[in-house]
Amino acid sequence: MYYALKVMVTTLLIVVISEVSKRSSLVGAVLASVPLISVMAILWLYIDTKDVEKVSALAVSVFWLVLPSLVLFVMLPLLLKSGWGFYLSLGVSVSATIVSYFIMLVVLKKLGIQL
């Protein structure tokens with residue numbers, strides 16, 4: 001039952017942001033830019049474990065991985081404005097973001113930062 005509640009609450013947030021974005025891209029962007037998924041994951045992790053070290057480790061990992069995730073938000077509008085189709089633009093942007101994650105992990109490892 002608890003697992004179903006977690007799925008329902010998290011899913012509801014995503015649906016609300018999607019619906020709000022249809023009416024106002026600004027309000028949708030504000031809601032989407034707030035790290036709701038990260039906050040929900042941190043909240044659920046704490047409720048489930050009461051382990052602040054795990055919560056802290058998750059927050060640090062999210063911090064480092066936000067940087068490569070920005071590739072998606074730079075590439076997608078650039079590709080769309082260049083006339084690429086939506087699905088191709090999204091696919092290329094997601095692929096570039098995945099590559100960016102791997103590059104970031106290699107760089108962090110070389111710097112001695114373990115996630």
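In the predicted model, tyrosine 87 is exposed, its relative accessible area being 70%. This residue forms an aromatic pair with phenylalanine 86, in an edge-to-face arrangement with 5.1 Å from centre to centre and 75° between the planes. Phenylalanine 86 is itself partly exposed, at a relative accessibility of 45%. The pair belongs to a set of 3 aromatic pairs in the structure. Another member of this set joins phenylalanine 63 to tryptophan 64, again edge-to-face, with a centre-to-centre distance of 5.1 Å and a plane angle of 75°. Tryptophan 64 has a relative accessible area of 23% and is classed as partly exposed, because the buried class is reserved for values under 20%.

Helix packing was examined next. Two packed helices are described by the angle between their axes and the distance between the axes. For helix α1 (residues 2-23) and helix α2 (residues 25-33), the axes approach to within 6 Å and cross at roughly 155°. Angles over 145 degrees count as roughly antiparallel, and α1 and α2 are therefore roughly antiparallel to each other. On the α1 side, the contact involves Ile17, Val20, Ser21 and Arg23, which meet Ser25, Val27, Gly28, Leu31 and Ala32 of α2. Sorted by class, the residues of this contact comprise 5 nonpolar, 3 polar and 1 charged.

Isoleucine 17, a residue of helix α1, illustrates this contact in detail. With a relative accessibility of 17%, isoleucine 17 counts as buried, since the value falls under the 20% limit of that class. When residues up to four places away in sequence are left aside, isoleucine 17 touches Gly28, Leu31, Ala32 and Leu36. Of these partners, Gly28, Leu31 and Ala32 also appear among the α2 residues that meet α1. The C-alpha atoms of isoleucine 17 and glycine 28 are separated by 5.6 Å, although the two residues stand 11 residues apart along the chain.

A second helix pair is formed by helix α3 (residues 36-49) and helix α4 (residues 52-81), which pack at an angle of about 165° with their axes 9 Å apart. This angle makes α3 roughly antiparallel to α4, as it lies over the 145-degree limit. The crossing of α3 past α4 is right-handed. From α3, the contact draws on Ser38, Ala41, Ile42, Leu45 and Tyr46, while α4 contributes Val52, Lys54, Val55, Leu58, Ala59 and Val62. In terms of residue class, the contact of α3 with α4 contains 9 nonpolar, 1 polar and 1 charged.

The loop between α3 and α4 contains lysine 50. The phi angle of lysine 50 is near 55°, a positive value in a residue other than glycine. Lysine 50 is also exposed, with a relative accessible area of 53%, because the exposed class begins over 50%.

Valine 66 is likewise located in helix α4. At a relative accessible area of 37%, valine 66 is partly exposed. Its C-alpha atom is separated by 9.9 Å from that of proline 35, a residue 31 positions away along the chain.

Key
Residues numbered from 1 in each chain as written. Predicted model: local features only at pLDDT ≥ 70, side-chain atom pairs only at ≥ 80, totals over all residues. Heavy atoms only, no water. Axes fitted to C-alpha atoms, helices over the stretch in contact; angles between N-to-C directions. Helix = DSSP H or I, 4+ residues; strand = E, 2+ residues; numbered from the N terminus. Parallel < 35°, antiparallel > 145°, perpendicular 65-115°, else oblique. Left-handed = near helix turned anticlockwise from the far one by under 90°. Contact = heavy atoms within 4.5 Å. Nonpolar A, V, L, I, M, F, W, Y, C, P; charged D, E, K, R; others polar. Buried < 20%, exposed > 50% of the residue type's maximum accessible area, 1.4 Å probe, protein only. Phe/Tyr/Trp six-rings, centres within 6.5 Å; stacked < 30°, edge-to-face > 60°.
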